[in-house]
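The following note sets out comments on the two-chain model under review. The points are numbered for ease of reply.

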Amino acid sequence: MSAKTPSRLEKILRAGHLAVTSECGPPRGSDPKEIVHKAEMIKNHVDAINITDNQTSVCRLCSLASCIHLKQLGLEPVLQMVTRDRNRIALQSDILGAASWDIHNILCLSGDHQSFGDSPQGQNVHDLDSLQLLQTVRKMRDEGKFLGGDDIKRPPAMFVGAAANPFADPFEIRVPRLAKKVKAGAEFIQTQCIYNLEKFELWMRQLVDRGLHEQVYILAGLTPMKSAGMARYMKNRVPGMDVPDAVVKRLADTPKDKQAEEGIKICIESIQRLKEVKGVAGFHIMAIEWEEKVPGIVEAAGLYPRPSV
Amino acid sequence: MIVGEQKPIEELWESIKGHQKVLVFGCNTCVAVCQQGGNKEAEILASLLRMKATQEGVEMEIQDSGIERQCEHEFFEKAEGRIQWADAVLSTACGIGVQFMAEKYAKPVYPGLNTTFLGAVEKLGHYVERCQACGQCILAATGGICPIARCAKRLLNGPCGGSTKGHCEINKDVPCAWQLIVDRLQQLNLMERYEDLAPIKNWSTDRAGGPRKLVREDVQL
């Protein structure tokens, strides 16, 4: 398959390399230094950097502007876009805005519910859902048309991705749900943080059985734990997260001052194990407010240096 | 039916405190089922407000009355005398009744309820939302369970990543609409339908298209 867009992430995946992406959350203010600083820390160790879109419904500097800052540094951003805050006019407009800056990757999401964030009294839009946003980007790119049917002058050239949570319920539709996202136009998938490797491997086997790994690139999502407390919080409080007791115990049995190190070790071991899983095309390392640890993880997992394409 | 919930006495008092003759006016159909705005509830509310007036030392006459439906002209006739007597009405109908009444009479009509949703009686005392009147029913594709009314993100193609053990990420007491849909499709042996992409919805039949109206030429006089 030849690349359909100028995306570096797409080229790396199509060349058969294990891709590495990571993500940075924009600041709660207008100073771009923070996002630039985070990106500088990881830029040599990843192929592309996701910029989150008001994650957990907490209002922040926008994803698009942050992506432009990265682009100006010569980096490869992945524009995350949620359907929670914008209707189809704003979504398509922002896609064109991003394309005008030659932002070549987009991740289509529905977004956390606003009740989790700083604006629980706000409206949510959901004019489209995440699958319909996938279809929208593909239509804009492949047909050169707006949803309304009019032609787009210089259509966006974006590599189109979606998220998948292999651990959410109902489990019986985890694979059909992925198939549906592929049908809607997803070309790459970044998964929810994986701690339950057996369950993830089962999901991968099922999707390989359906041949879905030949239609979409699966990037396995990993978030290193900073402490046993974080593991317990993720296990008990974060919806859709599957943290096995063994992981919590391993961290809890480690002295407090060594837990962060142990969390990183678990993350590296997971990558090494998942590298061997059929259908895994790369890794998405989400080190939440811990970006400085990404280079070490990538190196220790044997994913460095990054290929040039 | 339309479900409503009585506003706090303090808020109602703020609305009516400047008037001398207040009629608390019930609506005995939808909002009577949830026991918030029927004629009986209007009667109870009137006595509470009389007590409030006494406490506040305000001279005020408060009466109650009610009709079957405040959203149709024909029912108002029998209460005409009471309505004319009042210099303000506190209507315990839904927002439709309050507005319909205000259009008919040149006097203040205040809402006694917050109109909350279109729902069903799940069991005695439990009223649950089932429809958002989007104007284009999709229940045929979703096993008879509406994701617009019952999913907090009104997702049309499946659950978000926050669906856990059958409940929604916003609250453990809220069932995940898509878990219900999947269970139902399985029960009906229709799971293959899950992978059909839901078309991008035309929201012009919903609130987005402006106030809606249905005209039936055939039933007009």
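1. How much area does chain B expose, and what share of it do carbon and sulfur atoms supply? In this predicted model, the exposed area of chain B is about 12000 Å², with 52% of it coming from carbon and sulfur atoms. For chain A the corresponding values are about 12400 Å² and 50%.

2. Chain B contains seven helices and nine strands. Its radius of gyration is 22 Å, whereas the globule rule gives 17 Å for 221 residues, so chain B is more spread out than a compact globule. Along the principal axes, the C-alpha atoms of chain B occupy a box of roughly 65 × 45 × 30 Å.

3. Of the 221 residues in chain B, 40% are buried. When contacts between residues at least 6 apart in sequence are considered, 58% of those in chain B join residues at least 24 apart. As to charge, chain B carries 25 positive and 28 negative charges, and the mean positions of the two groups are 3 Å apart.

4. Chain A is built from 11 helices and eight strands. For its 309 residues a compact globule would have a radius of gyration near 19 Å, and the value for chain A, 19 Å, agrees with this. The box filled by the C-alpha atoms of chain A, taken along the principal axes, is roughly 60 × 45 × 40 Å.

5. Buried residues account for 59% of the 309 residues in chain A. Among contacts in chain A with a separation of 6 or more, 77% are between residues 24 or more positions apart. Chain A has 41 positive and 38 negative side chains, with the centres of the two sets 2 Å apart.

6. Helix α3 of chain A (residues 63-72) merits a separate comment. Its buried residues include S63(A), L64(A), S66(A), C67(A), I68(A) and L70(A). Among the elements that cover the buried residues of α3(A) are helices α2 (33-42) and α4 (88-100) of chain A, together with strands β2 (48-51) and β3 (77-82) of chain A. Just after α3(A), G74(A) adopts a positive phi of about 85 degrees.

7. The aromatic pairs number six over all chains. One of them joins F200(A) and W203(A), whose ring centres are 5.8 Å apart and whose planes make an angle of 40 degrees, a tilted arrangement. Where do F200(A) and W203(A) lie? Both are in helix α7 (residues 197-209) of chain A, three residues apart, about one turn of the helix. An α-helix has 3.6 residues a turn, so residues three or four places apart point the same way. Both F200(A) and W203(A) are buried.

8. A further pair is found in chain B: the ring centres of F76(B) and F100(B) are 6.4 Å apart and the planes stand at 40 degrees, so this pair is tilted. F76(B) belongs to the loop between β3 (61-67) and α4 (80-85) of chain B, and F100(B) to helix α5 (residues 95-104) of chain B, so the pair ties together parts that are 24 residues apart in sequence. F76(B) and F100(B) are both buried. Ring pairs also link F76(B) and F100(B) with F25(B) and Y105(B) in a cluster.

Notes: Residues numbered from 1 in each chain as written. Chains lettered and ligands numbered in written order. Predicted model: local features only at pLDDT ≥ 70, side-chain atom pairs only at ≥ 80, totals over all residues. Heavy atoms only, no water. Helix = DSSP H or I, 4+ residues; strand = E, 2+ residues; numbered from the N terminus. Rg over C-alpha atoms; globule rule 2.2 N^0.38 Å. Buried < 20%, exposed > 50% of the residue type's maximum accessible area, 1.4 Å probe, protein only. Contact = heavy atoms within 4.5 Å. Areas by Shrake-Rupley, 256 points an atom, 1.4 Å probe, with all protein chains shown as cover. Lys, Arg positive; Asp, Glu negative; His and termini not counted. Charge placed at Lys NZ, Arg CZ, Asp CG, Glu CD. Phe/Tyr/Trp six-rings, centres within 6.5 Å; stacked < 30°, edge-to-face > 60°.
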